[in-house]
Amino acid sequence: MRQAGRIVARVLAELRSMVAPGVTTEELDRAAESLIREMGGTPSFKGYMGYPATICASINEEIVHGIPGKRALQEGDIVSLDVGAIWEGWQADAAITVAVGSIPSQVQRLLEVTQKALEAGIAAARVGQRLGDISHAIEQVAHEAGLEVIREYGGHGIGRAMHEAPRIPNWGRPHQGLWLKAGMTFALEPMLTLGGYETKVLDDHWTVVTADGSLSAHYEHTIVVTRNGGKILTTLDENDEL
Ligand code: MF3
Ligand code: CO
């Protein structure tokens, strides 16, 4: 899973550097697929329940599962880029939200708070804590910042399959649910919005958007539970060059 995580991290770093006004999400998708295969991995999203692409690219009010296409990114957009790869049968899944050019400070804050919420969830993924402690830690960061958390979608167990039990909501009560044990592997993925948390799915049957059209941000890491909190698997090694 660590090697799958390196591949995913490498691809996200590359996609981040490609993001610019005029770039289409299809171009990002093609780059991601070639890079994953070059590194000896397999894209995990492609073909998953009929999903047609290697990445999800979710722009502005799109929360998750946006299908790449001919739409070009525009100055001021934010785009969630979600990548999954398989290495020798093991999965990793991660996402970042990237600003296209300059964005208003309120939107910058949405990105920062969502990232902080993910960090809080990772820190809470510690042996001796319970699943609800992760959920609650994420929700608390959002609410302290006056932001809402998407409720219908969340994180998940991950391993030989991309989606394994348990489901990990980004909200909930602390001290409840599964006891966390060393070596459990999770994909944590907070989705926060500047508006309300209601969602709908577009006619393409994949793209999830905020019902009120408000902007949404999404960050995800695959982690392993340790005594010191979650250790991130979807990261580069210190000496990895980009
Ligand atoms: N990170 C997303 C998730 O866990 C990616 C799944 S996209 C899919 O839901 F197309 F593969 F479903
Ligand atoms: Co995921």
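**Ligand 1 and the cobalt ion**

An oxygen atom of ligand 1 is 2.9 Å from an N or O atom in the side chain of His 156. The model is predicted, with local features requiring pLDDT of at least 70 and side-chain atom pairs pLDDT 80 or more, while totals for chains, interfaces and linings use all residues. Residues are numbered from 1 along each chain, chains are lettered from A and ligands numbered from 1 as written, and side-chain values use heavy atoms, without hydrogens and water.

**Exercise 1.** Describe the surroundings of ligand 1.

*Step 1.* Of the 13 residues around ligand 1 (a heavy atom within 4 Å), His 65, Asp 82, His 156, His 163 and Glu 189 come nearest.

*Step 2.* A nitrogen atom of the ligand lies 3.1 Å from a side-chain N or O atom of Asp 93, and an oxygen atom of ligand 1 is 2.8 Å from a polar side-chain atom of His 163.

*Step 3.* Of the 340 Å² that ligand 1 exposes when taken alone, the protein buries 96% (Shrake-Rupley method, 1.4 Å probe).

**Exercise 2.** Identify the protein donors of the cobalt ion (ligand 2), and describe their sequence spacing and the geometry of the site.

*Step 1.* The protein donors (N, O or S within 2.8 Å of the metal; 3.2 Å for Na, K and Ca) are Asp 93 through OD, His 156 through NE2, and Glu 189 and Glu 220 through OE, lying 2.1 to 2.2 Å from the ion.

*Step 2.* Along the sequence, the donor residues are spaced D-x62-H-x32-E-x30-E.

*Step 3.* The six donor atoms make angles of 66 to 171 degrees, and the site is irregular.

Methods. A polar contact is a pair of N or O atoms within 3.5 Å; within protein, one must be able to donate a hydrogen and the other to accept it, and residues adjacent in sequence count only if both atoms are side-chain atoms. Four donors count as tetrahedral if all angles lie between 85 and 135 degrees; four count as square planar and six as octahedral if opposite donors are over 155 degrees apart and all others between 65 and 115; anything else is irregular.
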